[in-house]
Amino acid sequence: MAIKYLKKGKTAADKAIDDAEVSEVVKNTLKVIEEKGDSAVREFSEKFDNYSPKSYKLSSAEIDGLIANVSDRDMKDIKFAQEQVRNFAQAQRDSMQDIEVETMPGVILGHKNIPVQSVGCYVPAGKFPMVASAHMSVVTASVAKVPRIVACTPPYQGAPNAAVIAAMHLGGAHEIYVIGGIQAVGAMALGTESINPVDMLVGPGNAFVAEAKRQLFGRVGIDLFAGPTETMVIADETVDAELCATDLLGQAEHGYNSPAVLVTNSQKLAEETQVEIDRILTILPTADTAGVSWAEYGEVVVCDTYDEMLEVANDIASEHVQVMTDRDDWFLDHMHSYGALFLGPRTNVSNGDKVIGTNHTLPTKKAGRYTGGLWVGKYLKTHSYQKITTDEAAVKIGRYCSRLCMLESFVGHAEQANIRVRRYGGEDVPYGKAAQ
């Protein structure tokens, strides 16, 4: 048995140097936003986006005017995609039930699923207008019945992107701001004179946006710690090199540091895929980006067995995992660390990114080991409650509680139980002693 790398990407140490530089920039920027509020947002928007409108918040008239510029075909496509996302999110929401159970006579326990009260959705649009990101964050928040949904997006080529604004509005955003980058995330989380702070931040973004969310976590909630887009293709000889190469480069075009990994048990497919990637890069319009990602972060792993392929895949825990083998469902049953699976040659990661209905905001940097991606449940807080309705139950639970508190030397805790044993059971429990 052997696992060999025909091609390897940058090391973790290389990435750590880049991360440290981004972290310092973000820390200083957030500090200025917190101190100067709206003036800092304007300063950074002018500096990084060359954009300085009278108001960064779009009025209803401005939103309507932008939507009017979206073609009928594009509007139909946006609505179709949002319908798929909304339907799946609603099915997920319907699976989450409030519960109330009587665990013993007179003891009632339960939980309620309560929406986060305000959410800030970041929708990238600086390099590419990420229309689909509005579906993923805004629509799912709307299904969760979040009372206040704030959406921010940077200007695209100097102006608000009409399709992105349309998607935000149709998705259910209550406030829409044309602000990008750290200044958008910082304004939503910290608040300014004109923007009330939110309770949670969601949505993808570049390294600076991701780091800003990381630094703000705790002050606000976030969906997850996101890094560059990652994709993995798990393939055997049931598919060809053109399909593998297309799926790898289709995600590598996201940025200059988007890992793309082929895991296969076919030396022939591995070699042919690398040749095919070189060919496609000569005709792909986004080759300047995808080519750098592939050169610096692309990997090709050849294994002897399917078990080894599974081992490699679970260890890498890629954001997107495209499985095209003679046993796709076997990988579905055995994979445990990933963002989302795309099973079979008829599906692909772009389906998930844009239209099929699952959410495309997914864990990266091995976070699939301990979390899934954004979904309607991320906007819901599950809160428990307890109620004792009979004297007998109060006394029975109280005795156990009293003794267990004294076992830990928490006398004050014990007295919370003891006073109920005395009042509802008529028992003379000495102060500061365990109930019998």
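The dialogue below goes through several features of a predicted model.

Student: Where should I start, and how many helices and strands does the protein have?

Tutor: Start with the overall inventory. This predicted model has 16 helices and 14 strands. Its C-alpha atoms fill a box of roughly 85 × 65 × 45 Å along the principal axes.

Student: What share of the residues is buried?

Tutor: Buried residues make up 50% of the 436 residues in the protein. Sequence separation is another thing to read from the contacts. Among contacts between residues at least 6 apart in sequence, 73% join residues at least 24 apart.

Student: Take the sheet that contains E2, E3 and E14. In what order do the strands lie?

Tutor: To read a sheet, find the strand order and then the sense of the pairing. Here the order is E2-E3-E14, the sheet is open, and the pairing is antiparallel. Strand E2 (99-104) and strand E14 (380-388) are the edge strands, each pairing on one side only. From one strand to the next, the twist averages 20 degrees.

Student: How many bridges join the strands, E2 to E3 and E3 to E14?

Tutor: E2 and E3 run antiparallel and are joined by 5 bridges. One of the partnerships is that of glutamate 102 with isoleucine 108 in E3. On the other pairing, strand E3 (residues 107-115) and E14 share 9 bridges, also in the antiparallel sense. There, isoleucine 114 has lysine 381 of E14 as its bridge partner.

Student: Which residue in the hairpin of E2 and E3 takes a positive phi?

Tutor: For a hairpin, look at the residues between the strands and at their backbone angles. This hairpin has 2 residues between E2 and E3, and glycine 106 takes a positive phi near 90 degrees.

Student: Which helix lies across these strands?

Tutor: Helix H15 (residues 391-407) lies across E2, E3 and E14. The angle between H15 and E14 is about 105 degrees.

Student: Now a helix pair. At what angle do the axes of H3 and H6 cross?

Tutor: Read a helix pair by axis distance, angle, handedness and contacting residues. The axes of helix H3 (residues 60-67) and helix H6 (residues 162-171) come within 8 Å and cross at roughly 120 degrees. H3 is therefore oblique to H6, since angles of 65 to 115 degrees would count as roughly perpendicular and those over 145 as roughly antiparallel. The crossing of H3 past H6 is left-handed.

Student: Which residues make that contact?

Tutor: H3 contributes Ile63, Leu66 and Ile67, while H6 contributes Ala162, Ile165, Ala166 and His169. Sorted by class, the contact of H3 with H6 has 6 nonpolar, 1 polar and no charged residues.

Student: Turning to single residues, is serine 137 buried or exposed?

Tutor: Relative accessibility settles that question. Serine 137 counts as buried because its relative accessibility is 0%, and the cut-off for buried is under 20%. The residue is in helix H5 (residues 131-143). Beyond its neighbours within four places in sequence, serine 137 is in contact with Cys121, Val123, Val202, Leu374 and Tyr379.

Student: Why does threonine 231 count as buried?

Tutor: The same kind of reading applies. Threonine 231 has 1% relative accessibility, so it counts as buried. Its place is in strand E9 (residues 231-235).

Student: Which residues is threonine 231 in contact with, leaving aside its neighbours within four places in sequence?

Tutor: With those neighbours left aside, threonine 231 is in contact with Asp247, Leu248, Gln251, Pro259, Ala260, Val261, Ser318, His320 and Val349.

Conventions: Residues are numbered from 1 along each chain as its sequence is written. This is a predicted model: local features need pLDDT of at least 70, side-chain atom pairs count only at pLDDT 80 or more; totals for chains, interfaces and linings use all residues. Side-chain values use heavy atoms; hydrogens and water are left out. Two strands pair if DSSP finds at least two bridges between them. Helices (H or I, at least four residues) and strands (E, at least two) are DSSP runs, numbered from the N terminus. Axes are lines fitted to C-alpha atoms, for helices over the stretch in contact, and angles run from 0 to 180 degrees between N-to-C directions. Contact means heavy atoms within 4.5 Å. Buried means under 20% relative accessible area, exposed over 50%, partly exposed in between (1.4 Å probe, protein chains only). Angles under 35 degrees count as roughly parallel, over 145 as roughly antiparallel, 65 to 115 as roughly perpendicular and the rest as oblique. A crossing is left-handed if the near helix is turned anticlockwise from the far one by less than a right angle, and right-handed if clockwise. Ala, Val, Leu, Ile, Met, Phe, Trp, Tyr, Cys and Pro count as nonpolar, Asp, Glu, Lys and Arg as charged, and the others, Gly among them, as polar.
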